[in-house]
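Biologist: Could you take me through the hollow spaces of this protein, pockets first, and then the parts around them?

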Amino acid sequence: MHNFLPIAYFQNQFVPFAEANISIATHALHYGTGAFGGLRGIPDPNNPQQILLFRLDEHCKRLSNSARFLHFDLPAEKIQQVIVEFVEKNKPTFSFYIRPFVYTSDLGIAPRLHNIEKDFFVYGLELGDYLSPDGVSCRVSSWHRQEDRSFPLRGKISGAYIASSLAKTEAVESGFDEALLMNSQGKICEASGMNVFMVRNGKVITPSYDQDILEGITRNSIVTLAEDLGIPVIERGIDKTELLIADEVFLSGTAAKITPVKQIENYHLPKNRPITDKLREKLVAITENRDSDYQDWVYKIPLD
């Protein structure tokens, strides 16, 4: 059972989480015409009266852009204002996850985006490790990632996650922790809800934007960190066979953070992961506001 934060933002006001309910006739429920964001927050380890949010501005921009695919004008500034107030009202004392969501809120049955009501809500829940920090096993899914020509993959559109759901369940029910999806070009592009990286010969390699990936905020942060640390980064398509003989493989995302991959199919990867460990240590230090070089990545919310 999830431990939800007590206050939600719903229909332009803050209400108890239990009272933030939608109708079974809600348009987005039937057609997947919603878009969501997700960001982590933690109490500042050095100041429990302050909450730290990682790259709040980037998360708000991406959700605003996702809303545009739904013909919904929702400024990033409005999203940020609501999220900050949401945190101030809930005053969490533990690591948590925020889920902002935009959707077609009308009650109707015609699939469309024009002449239809839209809305925006925010809720949150307690969240520790989403995947094991010691490493996960993956299988290559029989389900493929959608194509940008048929789906706006640069937005976190809720309907897109049917492929992720099918792939994740297939992986778990066949004895693995996580799924890796190929795109229509036969290249490995993503996990079920995370970006993927590999390390070969001292270089960090990750699928590029033309590989039908989500433009992950944690992914982009890792690319910047690696380059700043002097680690070469290559963004391109990745073949399945490359992953099987990689020196290191890891997944990245808001929930997953940096999670090492220890096995793909029946291939076991090296247990020594110096670059993964270095990047993970750096990212944790930044999110905990212990790295002065990246303080602009951390939004601080003082609590009364």
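Modeller: Happily; here is a walk through the pockets, the cavity and some of the elements around them.

This is a predicted model, in which local features need pLDDT of at least 70, side-chain atom pairs count only at pLDDT 80 or more, and totals for chains, interfaces and linings use all residues. Residues are numbered from 1 along each chain as its sequence is written, and side-chain values use heavy atoms, with hydrogens and water left out.

Let's begin with the terms. On a 1 Å grid over the protein atoms alone, a pocket is an open set of points with protein on both sides within 12 Å along at least five of seven lines, a cavity is a set where a 1.4 Å probe fits but cannot get out, and lining residues have an atom within 4 Å of a point. Grid points are joined across faces, edges and corners, and a volume is the space filled by probe spheres set on the points.

The largest pocket holds about 880 Å³ of space. Its lining has 36 residues, and those closest to its centre are Phe36, Tyr97, Arg99, Tyr130 and Tyr161. Two or more lining residues come from each of strand E6 (96–104), strand E7 (118–126), helix H4 (161–173), H5 and strand E14 (248–253); here helices (H or I, at least four residues) and strands (E, at least two) are DSSP runs, numbered from the N terminus. H4 gives the most to this lining of the largest pocket, four residues. By residue type, the lining of the largest pocket divides into 14 nonpolar, 14 polar and eight charged, where Ala, Val, Leu, Ile, Met, Phe, Trp, Tyr, Cys and Pro count as nonpolar, Asp, Glu, Lys and Arg as charged, and the others, Gly among them, as polar.

The second largest pocket has a volume of about 470 Å³. Of its 27 lining residues, Arg40, Thr254, Lys257, Val284 and Thr287 are the closest to its centre. E4, strand E5 (47–54), strand E15 (257–264) and helix H7 (274–287) each give two or more residues to this lining, and the largest share, four residues, comes from H7. The lining of the second largest pocket divides into 13 nonpolar, nine polar and five charged residues.

Strand E4 (residues 39–44) also contains Ile42. Ile42 is buried, at 19% relative accessible area; buried means under 20%, exposed over 50%, and partly exposed in between (1.4 Å probe, protein chains only). Leaving aside neighbours within four places in sequence, the contacts of Ile42 (heavy atoms within 4.5 Å) include Gln50, Phe96 and Thr287. Ile42 and Phe96 are 54 residues apart along the chain, yet their C-alpha atoms are separated by 6.3 Å.

Back at the largest pocket, helix H5 (residues 217–228) has twelve residues and should span 16 Å at 1.5 Å a residue; the end C-alpha atoms are 17 Å apart, which agrees. The expected span is 1.5 Å times one less than the number of residues. Among the buried residues of H5 are Ile217, Arg219 and Leu225. Gly230, just after H5, takes a positive phi of about 80°.

Finally, the cavity: one of 30 Å³ or more is counted, and the largest cavity contains about 40 Å³ of space. Its lining consists of Arg145, Leu153, Gly155, Lys156, Ile157, Ala160, Tyr161 and Leu214, which divide into five nonpolar, one polar and two charged.
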